[in-house]
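Student: Could you take me closely through a single part of this structure, residue by residue, and then show me how that part fits into the rest? I would like one connected explanation rather than a list.

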Amino acid sequence: MPGVPPTRFVFLGPEGTFSEQALKTIPAAERGVLTPARSVPECLDALRNGDADAAVVPLENSIGGQVGVTLDELANGEPLVITREVVLPVQFVLAAREARPLPEIRSIAAHPQAGAQCRDWLRTHAPGATVVDVLSNATAAIGAAEGEFDAAVCARIGAERYRLHILADDIADNPDAMTRFALVARPGPPPPPTGDDLTTLAVYISHDRVGALLQVLTELSVRGINLTRIESRPTGERLGRYVFFLDCGGHVADLQMGEALQALRRICADVRFLGSYPRAAHSDGPTRPAPGLSDADFADAASWLSRVRRGETS
């Protein structure tokens, strides 16, 4: 869908999730059709099947780390690409159908990431409760509203939507926690470079070669590409086989990034390009390249080599 803004969006639902909140920060979504899905795989299947133009799914949290199911889905199946990231501050509430003392609570529904971010608070204030994993923050709110659980860890938007009583506010262990979401689309030309971009890759190394991962990192380092994130996930082939997810500062249109991608393609068992897109506004901005490693330096060096090959004076 080059040049055509998406109009049909799917997000990790039900309604009242942080994913919906992230989606509503995207201007095109104001005029689009927003449809919740029950899980991350269902979100991305809707995209692959052509039932949606774009999907918003959680990618990582500053406390809980990677959202493994999202990474697994991006690494496998029909290729998809990230076209934008959204970073939201995440604040949780503990909510129930009616006001009740915390010591009486015996079951609390929570998405695994939410439970991880509120673990210490829950251990201190609701030590007798069992935390039950559910598919989303909104699912937790619905479970509490229907009486399946005594309470839910959820977003305030979810508590309000499902008419829950808020027992406690701002219960996250780290008040500065943030979650990063990805706007995902079917493959197409990436957004143009802005000068402050990220490129995400899924890299499969040759496990029978000593120093294979070091070689991958070296190809980035010698070109002045800043690695902002590296995560590993099991491939499912057998124990000890991993795919590495890399977030690299720069855009596929940059000369140094292009060179690095070609090098990784040569030395890796496989490389899946997962998108080049603008970095979220919360970041500290692009890292300044070392002398000799800017796009202009790479262009100048390529021009010099062309002259040498033509037999011209250098």
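Tutor: Leaving out residues up to four places away in sequence, A22 touches V56, V86, L88 and F181. This alanine lies in helix α1, and the model in which we see it is a predicted one. With a relative accessibility of 0%, A22 counts as buried, because buried means under 20%. Its C-alpha atom is separated by 28 Å from that of D150, a residue 128 places away along the chain.

Helix α1 also holds S19, and the two residues can be read side by side. S19 has a relative accessible area of 3%, so this serine is buried as well. When residues up to four places away in sequence are not counted, S19 touches F11, L12, V56, P58 and F181. V56 and F181 therefore appear in the contact lists of both A22 and S19. From S19 to A55 there are 36 residues in sequence, while their C-alpha atoms are 9.6 Å apart in space. A general point about helices helps here: an α-helix has 3.6 residues a turn, so residues three or four places apart point the same way.

A further residue of helix α1 to look at is F18, which takes part in the one aromatic pair that the structure holds. Its partner is F92, and because the two ring centres are 5.4 Å apart with the planes at 90°, the pair is edge-to-face. F18 lies in helix α1 while F92 lies in the loop between β5 (residues 81-89) and β6 (residues 93-96), so the pair ties together parts that are 74 residues apart in sequence. Both of these phenylalanines are buried.

Ahead of the helix comes the loop between β1 (residues 8-12) and α1, and P14 has its place there. The peptide bond that leads from G13 to P14 is cis, with omega near 0°. As a general background to this, most residues other than glycine have a negative phi, and most peptide bonds are trans.

The helix can now be set in its wider surroundings. The largest nonpolar core has 33 residues, and the members that touch the most others are V56, F92, L94, I108, V153 and I171. Helix α1, which spans residues 18-23, gives the most to this core, with three residues. Two names in that group have already come up, since V56 is touched by A22 and F92 is the ring partner of F18. I108 shows what such a well-connected member looks like: apart from its neighbours within four places in sequence, I108 is in contact with L94, L122, A126, A129, T130, V131, V132, A151, A152 and V153. There is also a second, separate core of 26 residues, and A37, I82, V243 and L274 are among its members.

Another helix makes a useful companion to α1. Helix α3, residues 68-75, is mostly covered, with six of its eight residues buried. Those buried residues are G68, T70, L71, E73, L74 and A75. Just after α3 comes G77, which takes a positive phi of about 75°.

Positive phi values also turn up in two residues that are not glycine. One is R163, with phi near 55°, in the loop between α7 (residues 156-161) and β10 (residues 165-168). R163 has a relative accessibility of 78%, so this arginine counts as exposed. Another is D170, with phi near 50°, which lies in the loop between β10 and β11 (residues 178-185). The relative accessible area of D170 is 48%, so this aspartate is partly exposed.

Finally, the part we began with belongs to a protein of ten helices and 15 strands, whose C-alpha trace spans about 85 × 45 × 35 Å along its principal axes. Buried residues make up 47% of the 314 residues, and A22 is one of the buried ones. Among contacts between residues at least 6 apart in sequence, 75% join residues that are at least 24 apart. The accessible surface comes to about 15300 Å², with 51% of it belonging to carbon and sulfur atoms. The protein carries 30 positive and 39 negative side chains, and the centres of these two sets lie 4 Å apart.

How values were computed:
Residues numbered from 1 in each chain as written. Predicted model: local features only at pLDDT ≥ 70, side-chain atom pairs only at ≥ 80, totals over all residues. Heavy atoms only, no water. Buried < 20%, exposed > 50% of the residue type's maximum accessible area, 1.4 Å probe, protein only. Helix = DSSP H or I, 4+ residues; strand = E, 2+ residues; numbered from the N terminus. Core = buried A, V, L, I, M, F, W, Y, C linked by side-chain atoms within 4.5 Å. Contact = heavy atoms within 4.5 Å. Areas by Shrake-Rupley, 256 points an atom, 1.4 Å probe, with all protein chains shown as cover. Lys, Arg positive; Asp, Glu negative; His and termini not counted. Charge placed at Lys NZ, Arg CZ, Asp CG, Glu CD. Phe/Tyr/Trp six-rings, centres within 6.5 Å; stacked < 30°, edge-to-face > 60°.
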